[in-house]
Each structure stands twice: as C-alpha cells, then as structure tokens.
Amino acid sequence: MVATLACIATDPQNAFFTHRILPSPLLPSSSVDSGSKMDRCMAVTQLLARVDPDTAAAAASSEQALAALLSFELLEHDAFIDFDWSPKLLKLAAQCSEHTALVTVLSRAFGGEALLNAAFADGPSSDQVYSEVRFNCRETVRILALELEALSITALSLAKPGVQALMPDEELPERYEAYVTNHALALKAFYADAAAHEQVVVSWWD
C-alpha cells in the first residue's frame, strides 16, 4: 500500500512531475516521504503513471518490467501521480453538476481500457497491488485529454451539497473545494502532458 504522498499535482503550472515528491495539501507534510515502498505503507489510493509506450509494452510482457513500473522506476519524461480517494468524489461531483456526461470520461481516465499484463493482472506475484493494473493507449489518452478540457473546476467545487446528499453517511474532506479543485486540475494536467508526450497512462490502486 502506498500513502498519498508522491507527485500529487496541486499546482497547474507544474507541467511535469517526473522524479518529484510534492507534498499534498490534504496531508500534513510529515506524511510525505521519498523513502522505500515499505516506508510509505499507509493507505490504498488511486495511482496513475504516464510512460513511454515501449515501457508499457515491456511491462505487458515481463513480470520484472511490470514490477519496475509499479515501483516508480521512471524514465526522463515519465511521471506518476497519487490521486488519494478522489476518483469517487470527482465522479459524484460531475454527476451533481452540469458535467453528467463527463462521469464516463472520469471513469475511463482513472480506470483504464484494458489490462496491462494479463498474466499478472494484479501486479507481480511477489508484490501484488490492490486492483487490476490497467492502461489507456496513446490514442485513448489523446481523446481523454481533449474531453477533460471541458471539465469545469468551478462546477465541481460548487457541487458539494449534491455530493453530500449522495453520501449522507460519509464525511467529505474538510477542505472540499480545495480537494476537488486540486485533484481535477491535476488530472487535466496529467492527461494533457501524457498526450503531449504521446504516452500511455497506467492505473492501479495500491
């Protein structure tokens, strides 16, 4: 399990997150750690990586290459980002705003279109993750990047009453507007960068 700690893109001006450990505004700075995976075991969260197609192809056919990708061994223009538990909240916010049609777009952006490695669907046998490891190909990434441009940050941030009504027994983040804004901006920027570099986006929970 990986904590919500690494490369959360809270600043839309940060176009590249490669090899950067950025503190999340949702956690105290003490939660941020650039140590080993074992050192970062705190909570299961949504992770995305944008990688070169050759890297994805290697991970699709090699357990060792898959393990390297899931361990964040990235190349020059590659990056990963931790989305905490935001996918559910972002989709509910879209559902409660004028962006109902974008719920499917968000599901595709976070969920991937296919398994990355059918032989090791949940990651390498020595260190499985908490979901299937899925991916979006370059063409899908390009399409999603364009579709995500229509996502209104203001509309999502104003959807709090509707989201709370759909989750009456769950506590929303204390800083709901900042939480939704930061993660929505991060998703848009991440896919825009992946499209610009003609990359594949890999998704999993860990």
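What share of the 206 residues in the protein is buried? Buried residues come to 47% of the 206, where buried means under 20% relative accessible area, exposed means over 50% and partly exposed lies in between (1.4 Å probe, protein chains only). This is a predicted model, so local features need pLDDT of at least 70 and side-chain atom pairs count only at pLDDT 80 or more, while totals for chains, interfaces and linings use all residues. Residues are numbered from 1 along each chain as its sequence is written, and side-chain values use heavy atoms, with hydrogens and water left out.

**View 1. The whole fold has eight helices and five strands.** Helices (H or I, at least four residues) and strands (E, at least two) are DSSP runs, numbered from the N terminus. Reading from that end, you get β-α-α-β-α-α-β-β-α-α-α-α-β. Take the contacts (heavy atoms within 4.5 Å) with a separation of 6 or more: 76% of them join residues 24 or more positions apart. About 9400 Å² of the protein is exposed, and carbon and sulfur atoms supply 53% of that; the areas come from the Shrake-Rupley method with a 1.4 Å probe, and for residues only the protein chains shown count as cover.

**View 2. An open, antiparallel sheet runs β2-β1-β5-β4-β3.** At the edges sit β2 (79-82) and β3 (114-115), each pairing on one side only. Two strands pair if DSSP finds at least two bridges between them. β5 has six bridges to β1 and three to β4, antiparallel in each case. On the β1 side, Arg 50 has Val 201 of β5 as its bridge partner; on the β4 side, Arg 134 stands opposite Ser 203. Five of the six residues in β5 are buried. Helix α8 lies across β1, β2, β4 and β5, at about 25° to β1; axes are lines fitted to C-alpha atoms, for helices over the stretch in contact, and angles run from 0 to 180 degrees between N-to-C directions.

**View 3. Helix α4 (residues 102-111) has five buried residues to pick out: Leu 102, Val 105, Leu 106, Ala 109 and Phe 110.** Down the axis of α4 they fall within an arc of 120°, so they line one face of the helix. That arc is taken from the directions from the helix axis to the C-beta atoms. Their cover includes β1, α3 (86-95), β4 (134-136), α5 (138-148), α8 (176-196) and β5 (200-205). Just past the helix, Gly 112 has a positive phi of about 75°.

**View 4. Glu 170 and Lys 88 make one of the salt bridges, at 3.1 Å from N to O.** A salt bridge here is a side-chain nitrogen of Lys or Arg within 4 Å of a carboxyl oxygen of Asp or Glu, and the whole structure has four. This pair ties together distant parts of the chain: Glu 170 sits in the loop between α7 (160-166) and α8, Lys 88 in helix α3, 82 residues apart. Glu 170 is partly exposed at 40% relative accessibility, and Lys 88 is partly exposed at 42%.

**View 5. Arg 142 and Glu 139 form a salt bridge within helix α5.** Their N and O atoms are 2.6 Å apart. Because the two residues are three apart in α5, about one helical turn separates them. Arg 142 is partly exposed at 38%, as is Glu 139 at 41%.
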